[in-house]
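Good morning, and thank you for coming. Please look at the sequence and the structure while I speak.

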2 protein chains.
Amino acid sequence: MELTERKKRILKSIVDEYIRSGDPVGSKYISGHIPDTLSSATIRNEMSALEDMGYLYQPHSSAGRIPTTKGIRTYIEGLMEDYKLSLEELSVLNELLDFKVGEFGKLLSEAARAVSHLTNYTAISVLKPPAERIERIKAVHIDDSSYLLIIRCSGGKVKTKTVNVPHCTEEQLKTLSAALNGALTGLTASEINLNVILDTEAAAGDATHLVTSALRGINDLLGTGTEEDVQVQGLTKLLSYPEFYDVSKAKGVLEILEQKHALVNRLTEGMPGRPNIVMSGEGLTPEDASVVFYPITVEGQTVGAIGVIGPKRMDYKKVIANLEYFASGLIDGLNGTGEGRKQDEQH
Amino acid sequence: MELTERKKRILKSIVDEYIRSGDPVGSKYISGHIPDTLSSATIRNEMSALEDMGYLYQPHSSAGRIPTTKGIRTYIEGLMEDYKLSLEELSVLNELLDFKVGEFGKLLSEAARAVSHLTNYTAISVLKPPAERIERIKAVHIDDSSYLLIIRCSGGKVKTKTVNVPHCTEEQLKTLSAALNGALTGLTASEINLNVILDTEAAAGDATHLVTSALRGINDLLGTGTEEDVQVQGLTKLLSYPEFYDVSKAKGVLEILEQKHALVNRLTEGMPGRPNIVMSGEGLTPEDASVVFYPITVEGQTVGAIGVIGPKRMDYKKVIANLEYFASGLIDGLNGTGEGRKQDEQH
DNA sequence: TGTTAGCACTCGGTTGAGGTGTCTGCTAAC
DNA sequence: GTTAGCAGACACCTCAACCGAGTGCTAACA
């Protein structure tokens, strides 16, 4: 069956009302709230058809209808109206960007706080500093029980660390350096897996006993610096929505927010420049919840994300408009001409 | 009336059982669970007396009794048994300290994660980097529209920043330097309030127009570095306890956890070296909840705290034992001889 | 004087019946 | 293709009855 224009108008009206109230929507209500003048009986026929087509469902036989995930997605992708940001919403971002003295992480979590405040949903900000790649490694002999590990990372940064071992010779360290360079060049810390370790050990010859401590040192060095971080703003707002009055439902959402590492990965893997929407039943999102997010990119690389988590029936147009505005504002601010900002030196 | 030994045994038994079940405790149950052999009628008399003395209360006239805040406090301060840490609990800390490669913040939040895991309550870790005090300020002329701001902080660290202004002369900068030194020496960033600003402006004479931008620059410089931070671990565990099945109660607790700044201050103001316990009805703790925490000190200065938030009827002996162990372990680890750990250099 | 047994009373919680309102599906007429 | 009307389904609310845990009180006992 085809999704006629009239069916679309009815579907839009149902989703609008469902987003507003959270309750199943009946035919009579719709009859009075669409441009067409149709009796509730006709609406019932259309709703029945929409149900057959998978856009709606009934929680029980004598209730109104609720849009399915498919129904809401169709709504988002073409039926809903545009949302005009209010003056308040526009000014908050400008103030924020004016105030961009702090580092990016703080700016991002402040932006999330603003989004949470403006949309009345819980906001998430996620920080994922780009992983440093190994460009060159050298192990320099200090004495027979210690050597200096030197790594040049992508971007030219050099890091060093002394490593203590039971015994090492200059010869062994040369072999070690060669083995490490061969196996690790171009990798990030998280890409050093068992295979890589075994390869390195195989290549290390008579320096095999030094590999483990060297890898540990490398891992330490690469792991240093800003860590990935998740900030949740306005958590209590989530509990204001009836779908989470049931504690077990609320728990489901909080569990998602607790898995910070998974959250960072998921949100930074999204498509940049457009809204990413994950609804319950798709991916890891818990029942009745929905996540909308925008990755933040600098020079093509995703360094974080900003998003909103709320009930599946959230006001998508408002949320998307706000997130889009903040995300693009942040991205412009970060990529824009660095107009002679702060220079720190520490002696 | 006096709190006799027998009353203490009864009170202890009531609190023990209340902590276990969360339900009001009846006289019959106690009769079978204290060393003394007493009928439930006698227990009832004693319980009635304990109620008059303010240790117990009845939620309604035909229910058992629940300990009051006073009752629980008395229990904590002398009645409860010691808790022996299990082997598992002991080994987790040791692993953690072995693994102390990361910075303090990460170590602290990992400790909180462990505490949450071991106690089955929600754990909080709070990081409060000691505020840097201003020791000396100098404003050095670069050209007529910019100057260099130099601050020496407590600990000898020097920070600089160029400040752009519409117009400035060497003379004005000298006046400015004197005014800033006079007004700000010994202060931290957060102590620069309106009074201080007005004093500075008054002292600045013909350099008044430079004060605002200078203060902004100073604020930026001092604010740089690690920020205060709150990490919450095992949040969902909170929702496992019946007292928070009601969403409005849960909301009360989450609200506390959202006020991160207040939380940092409150938890770092506690007495070091012993358990600080704030129960509902005392201070900001929400209904039915209780917070136990230990500040973490380095060289006499509080740099953070680790704590647990849970139902008022939480297992205090277990929580205190765990927190005490982790807090003292962290403090020892931080203050202990820094046995030649990592050295990073960045060129 | 302290302890105990017995009894009436209180009160929250549960269960089940009855009533109500909303919404649907179906049918017949337009 | 659209509409009016009607019977049926079903969640939800209210109310009364009942149950049971637990108390306070009193009288008897050691």
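**Two DNA strands and the protein beside them**

I begin with the surface near DNA strand D, whose residues divide into 4 nonpolar, 13 polar and 4 charged. Here Ala, Val, Leu, Ile, Met, Phe, Trp, Tyr, Cys and Pro count as nonpolar, Asp, Glu, Lys and Arg as charged, and the others, Gly among them, as polar. A residue is near a strand if one of its heavy atoms lies within 4 Å of it.

A word on conventions. This is a predicted model, in which local features need pLDDT of at least 70 and side-chain atom pairs count only at pLDDT 80 or more, while totals for chains, interfaces and linings use all residues. Residues are numbered from 1 along each chain as its sequence is written, chains are lettered from A and ligands numbered from 1 in the order in which they are written, and side-chain values use heavy atoms, with hydrogens and water left out.

Which residues come nearest to DNA strand D? Of the 21 around the strand, they are R6(A), T42(A), S61(A), S27(B) and R65(B). Of the strand's atoms within 4 Å of the protein, 81% belong to sugar or phosphate and the rest to bases.

Some individual atom pairs follow; a polar contact is a pair of N or O atoms within 3.5 Å, and within protein one must be able to donate a hydrogen and the other to accept it, with residues adjacent in sequence counting only if both atoms are side-chain atoms. R6(A) places a polar side-chain atom 2.8 Å from a phosphate oxygen of DNA strand D. In R65(B), a side-chain N or O atom is 2.7 Å from a phosphate oxygen of this strand. R44(A), by contrast, has a polar side-chain atom 3.3 Å from a base oxygen of DNA strand D.

The largest share of this surface, 4 residues, comes from α3(A). Helices (H or I, at least four residues) and strands (E, at least two) are DSSP runs, numbered from the N terminus.

We turn to DNA strand C. Of the 21 residues around it, S27(A), R65(A), R6(B), T42(B) and S62(B) come nearest. Sugar and phosphate make up 79% of the atoms of DNA strand C that come within 4 Å of the protein. A side-chain N or O atom of R6(B) is 2.7 Å from a phosphate oxygen of DNA strand C. For S61(B), a polar side-chain atom lies 3.2 Å from a sugar or linking oxygen of the strand. On this surface α3(B) gives the most, with 4 residues.

Consider R65(A) more closely. R65(A) sits in the loop between β1 (56–57) and β2 (66–67) of chain A. Is this residue buried or exposed? R65(A) is buried, with a relative accessible area of 12%; buried means under 20%, exposed over 50% and partly exposed in between, using a 1.4 Å probe and protein chains only. The side chain of R65(A) also makes a polar contact of 2.8 Å with the side chain of E51(A).

Finally, helix α1 of chain A covers residues 5–21, 17 in number. Among its buried residues are I10(A), L11(A), I14(A) and Y18(A). An α-helix has 3.6 residues a turn, so residues three or four places apart point the same way. After α1(A) comes G22(A), whose phi is positive, near 80 degrees.

Conventions
Expected span 1.5 Å × (residues − 1).
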